Amino acid sequence: MKEDVILTISGLQNMGQDTGDPIEVITPANYYYKNGKRYVLYEEVHEDKSGVTKNTLTFRDSYLSVTKHGADNVHMVIESEKENVTYYYTPAGMLHIGLNGQSVSVKRNDNTIKVDARYGLNINYEHVANCELSIDIRPRDLGLGLK
């Protein structure tokens with residue numbers, strides 16, 4: 001069963017001396033639980049690009065996957081203490097991405113699920129940032145509970 005939720009994604013990239021500004025996205029989404037994994041589906045509308053990107057977050061203990069289809073295309077996996085590589089397809093070209101997972105944690109109670117991830121980001125074989133990602137999932141109707 002899919003549940004209507006409010007998704008908040010907060011991210012921060014620390015690039016040595018230059019800590020970027022935090023980025024936060026709040027959007028409606030759909031959540032469901034199946035075969036031991038939790039899924040969140042949402043759409044991203046780009047101001048400077050035509051079209052919509054469809055996003056899927058998949059997570060369980062110490063594992064987070066982000067899949068994007070549309071203006072940008074990528075399947076990124078962040079796992080505690082593991083390195084994963086992928087290609088990020090953008091309108092400007094393809095990037096080789098390395099994700100050096102430090103930690104992924106999933107905490108949940110009756111009305112919220114919180115996913116926190118820390119990882120190193122490499123682009124085209126060069127370390128560019130240490131990243132923090134925080135995902136907060138809440139039912140749109142607080143009378144509902146999340147599995």
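How many bridges join β9 to β10, and in which sense do the two strands run? Eleven bridges join them, and the strands run antiparallel. The points below take up this pairing and its surroundings, and it should be kept in mind throughout that the structure is a predicted model.

1. The pairing of β9 with β10. A useful place to begin is N100 of β9, whose bridge partner in β10 is G120. The two strands form a hairpin, and four residues lie between them.

2. The pairing of β8 with β9. On its other pairing, β9 (residues 93-108) meets strand β8 in the antiparallel sense, here over eight bridges. N100 appears again at this place, since N100 is the bridge partner of E83 in β9, and N100 is also the residue that is bridged to G120 of β10. A hairpin joins β8 to β9 as well, and it passes through two residues.

3. The pairing of β10 with β11. These strands, which cover residues 113-123 and 126-139, pair in the antiparallel sense over eleven bridges. As an example that can be found in the model, V115 has I135 as its bridge partner in β11. The hairpin of β10 and β11 has two residues between the strands, and N124 takes a positive phi near 50° there.

4. Positive phi values. Most residues other than glycine have a negative phi, so the exceptions deserve a careful look. Besides N124, with its positive phi near 50° in the hairpin of β10 and β11, there is Y125, whose phi is near 70° and which is placed in the loop between β10 and β11. S62 is a further case, for it has a positive phi of about 60° although it is not a glycine. S62 lies in the loop between β5 (52-60) and β6 (63-69), and its relative accessible area of 35% makes it partly exposed.

5. A nonpolar patch on the surface. Y87, Y89, M94 and Y125 make a nonpolar surface patch of about 500 Å². Two of its members can be described further: Y87 belongs to strand β8 (residues 83-90) and is partly exposed, with a relative accessible area of 38%, whereas Y125 comes from the loop between β10 and β11. Is Y125 buried or exposed? Y125 is exposed, because its relative accessible area is 67% and the cut-off for that word is over 50%.

6. A neighbouring position in β8. T90 also has its place in strand β8, and T90 counts as partly exposed at 25% relative accessibility. The C-alpha atoms of T90 and H69 are separated by 10 Å, while the two residues are 21 residues apart along the chain.

7. The salt bridge between β10 and β11. Five salt bridges are found when the whole structure is searched. One of them joins the side chains of R118 and E132, at 2.9 Å from N to O. This pair links distant parts of the chain, with R118 in strand β10 and E132 in strand β11, 14 residues apart. R118 is partly exposed, with a relative accessible area of 42%, and E132 is likewise described as partly exposed, at 36%.

8. Two further salt bridges. D136 forms a salt bridge with R138, and the closest N and O atoms are 2.7 Å apart; D136 counts as buried at 14% relative accessibility, whereas R138 is partly exposed, with a relative accessible area of 40%. The side chains of K82 and E79 also meet in a salt bridge, with a distance of 3.7 Å from N to O. Here K82 counts as partly exposed at 46% relative accessibility, and E79 counts as buried at 16%.

9. Aromatic rings. How many aromatic pairs does a search of the whole structure find? It finds one aromatic pair. The rings of Y32 and Y39 have their centres 4.8 Å apart and their planes at 15°, and therefore the pair is stacked. Y32 counts as partly exposed at 22% relative accessibility, while Y39, with a relative accessible area of 17%, is buried. The two values fall on either side of 20%, under which a residue is called buried, and this is why the two residues receive separate labels. A ring also takes part in another kind of arrangement, in which R60 lies over the face of Y63, at 4.2 Å from the ring centre.

Notes
Residues numbered from 1 in each chain as written. Predicted model: local features only at pLDDT ≥ 70, side-chain atom pairs only at ≥ 80, totals over all residues. Heavy atoms only, no water. Patch = residues over 30% accessible without salt bridge, like charges linked within 9 Å, V, L, I, M, F, W, Y side chains within 5 Å. Areas by Shrake-Rupley, 256 points an atom, 1.4 Å probe, with all protein chains shown as cover. Salt bridge = Lys/Arg side-chain N within 4 Å of Asp/Glu carboxyl O. Buried < 20%, exposed > 50% of the residue type's maximum accessible area, 1.4 Å probe, protein only. Pairing = 2+ DSSP bridges. Phe/Tyr/Trp six-rings, centres within 6.5 Å; stacked < 30°, edge-to-face > 60°. Lys NZ or Arg CZ within 6 Å of the ring centre and 35° of its normal.
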